Amino acid sequence: MSTTAGVTPGAASAPGGGPGVKDSDLLVLNNVEVIYDDVILVLRGLSLGVPEGGIVALLGSNGAGKSTTLKAVSGLLPSERGEVTDGSISFAGEDITRMEPSDRVTRGMSLCMEGRHVFEHLSVAENLVAGAYTRSGKESSSDLEMVYEFFPKLADMRARVAGYLSGGEQQMLAIGRALMARPKLLMLDEPSLGLAPLLVQEIFGYIKRLNDETGLTVLVIEQNARRALEVADHGYIMEQGRIVLEGPAAELRENPDVKEFYLGLGDEGSRKSYRDVKHYKRRKRWL
Amino acid sequence: MSTFLNLLVYGLADGAILALAALGFVLIYKATSVINFAQGEFLLVGAYMFYTAFVMMGLPLIAAVAVGVVVATILGVVVERFILRPMIGEDPISIIMVTIGLSMLLNALVQMFYGTSVKSQPAILPRGSVDFLGATVPLNRLLVILIAAVVLTAFTIFFRRSRHGIAMRAVADDQQAAMTMGISVRRIFALAWVLAAVSALIAGVLLADISAVDQNLAAFGLLVFPVVILGGLDSVPGTIVGGLTIGLLKQFVSGYLDPGLATVIPYVVLVLILLVKPYGIFGETRIERV
């Protein structure tokens, strides 16, 4: 197993979380195990940490358990017959493993679900008001202006029905709506899903700006590993329900394994054919 | 002309009450996807609770209304918490059977405690009549229209402007996304049932005042179905249009054609609408972007 300096292969079984996890982190997942329907084991001892003010990318292929991780963090598992059966999740030093979703939102965590999930029959403005549900009316009206300032496009469309916006506009609305809860931690589940490359760039630009300007902590899930590692400070790579590799984003980008497997680049920087990748995948697992 | 105006006022009054009753039905369907067959019994229970407070306990009008609202609130919460919540995730047919059972239960409870005889309740709305464009129309019907209009407007403003109203619509749209906003879906479900019970109480009291406090109130509640099918199961404005249409149709058919036909005509409309426009006039079409 070839790893460059600083990038450590996952130590999912190590006590007290993986090597990249510090107790001072804003969000800490410690050996989390998630089971759906009492039988389907999806997360098998996952540990990760998100430092305050950082952008952390969680990468991995389909079915690796990325979305499940975010659902476990935001408390949505019970609504999908899932359950955290082992390990713990803490936010700002407080154990939240079995807390109600609404209490988590009050404590400062916001999730932008995969596929945007805007309220289709509500107007843009009403979507944003719904996002501020946990907060009092006066505070949130000033936030509304802030969101409009950040996303001027939304301000122009405030009376439009959200279901008829384009994909990129819906993604902006979903992010704006999540911001209305005044989160300390913003979790994004595949913000690039179904968007044209230029729009993906725009969305990631917004994420970076939010982090720079307001110090918002971000945990982002992506299939688009290249884009995510460009904006992130730190990256985790998941496979079959646990972390198999982690490290600073800059180093992950240069890691030959990541390059070959997730960025689709060979050692020479050339694209590999599907057959080679498939062969490679069979030959080499980090497990 | 005089007959026309009279039928118009009677029809609008019936329609306004129907709209109120249907509003509760639509709220429950929209927020929780439950088809509540007990909506008519909610009217019945509301009217009898008001009768208990106003006539049997001799409370002043305002206090009796307050008692009615409190009991309706408790009824809504209890029904949601102990009857519908355990049914979440069950087959829609099972849930429909449960609400049918609930309607029978409520009906039986009212019969058990109050008997089947007509209760006499002093008129709340003034009984006089007024001259209106040369016709003599009953004052209480006009007041029913006015009160229902005020209540329906208040509900509409609640859904458009208030935080909880918007949250209710958000839950109706996308429950999971609403949960990520910190909206408690259970609390919204309870709120939907409470609002349905309260709007049914108002409808029940108004209806009892222009007719009588008896078991027939629940039968009137059955007319909710043609109303919501016509207006669209999930449309609040649809309940108003549907309610007024059915109310007017009934009165005009009864006045100009035949009173017997008038009791059938709402259900004829129901069948026709199901054939032609199954989502109703204002029913939400699924938004699909291409």
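**Figure 1. Chain B as a whole.** Of the 290 residues in chain B, 48% are buried. Keep in mind as you look around that this is a predicted model. Chain B contains twelve helices and two strands. Reading from the N terminus, the order of its elements is α-α-α-α-β-β-α-α-α-α-α-α-α-α.

**Figure 2. Dimensions and long-range contacts of chain B.** The C-alpha trace of chain B spans about 60 × 50 × 35 Å along its principal axes. Why does the radius of gyration of chain B agree with that of a compact globule? A compact globule with 290 residues would have a radius near 19 Å, and chain B has 19 Å, so the two agree. Among contacts in chain B with a separation of 6 or more, 75% link residues that are 24 or more positions apart.

**Figure 3. Where chain B touches chain A.** This view takes you to the contact between the chains, to which chain A brings 24 residues and chain B brings 17 residues. On the chain B side, two elements give two or more residues each: helix H6 (163-173) and helix H7 (175-180) of chain B. The most comes from H6(B), with six residues. Sorted by class, the chain B side holds eight nonpolar, four polar and five charged residues.

**Figure 4. The open sheet of chain A.** Here four strands of chain A form an open sheet in the order S3-S2-S5-S6, and their pairing is antiparallel. At the edges lie strand S3 (40-50) and strand S6 (94-95) of chain A, each of which pairs on one side only. For a closer look at one pairing, find strand S5 (residues 82-91) of chain A, which runs antiparallel to S6(A) and is joined to it by two bridges. Which residue of S6(A) stands opposite Ser90(A)? That partner is Asp95(A).

**Figure 5. The meeting of the two domains of chain A.** The domain assignment splits chain A into domain 1 (18-254) and domain 2 (255-287). Contact between them involves eleven residues of domain 1 of chain A and seven residues of domain 2 of chain A. On the domain 1 side, helix H8 (225-231), strand S10 (234-239), strand S11 (242-248) and helix H9 (249-254) of chain A each contribute at least two residues. H9(A) gives the most to this side, with three residues. The side of domain 1 that touches domain 2 in chain A is made up of six nonpolar, one polar and four charged residues.

Technical notes. Residues numbered from 1 in each chain as written. Chains lettered and ligands numbered in written order. Predicted model: local features only at pLDDT ≥ 70, side-chain atom pairs only at ≥ 80, totals over all residues. Pairing = 2+ DSSP bridges. Domains from an automatic or database assignment. Nonpolar A, V, L, I, M, F, W, Y, C, P; charged D, E, K, R; others polar. Rg over C-alpha atoms; globule rule 2.2 N^0.38 Å. Buried ≥ 20, exposed ≤ 12 C-beta atoms within 10 Å, placed from the backbone.
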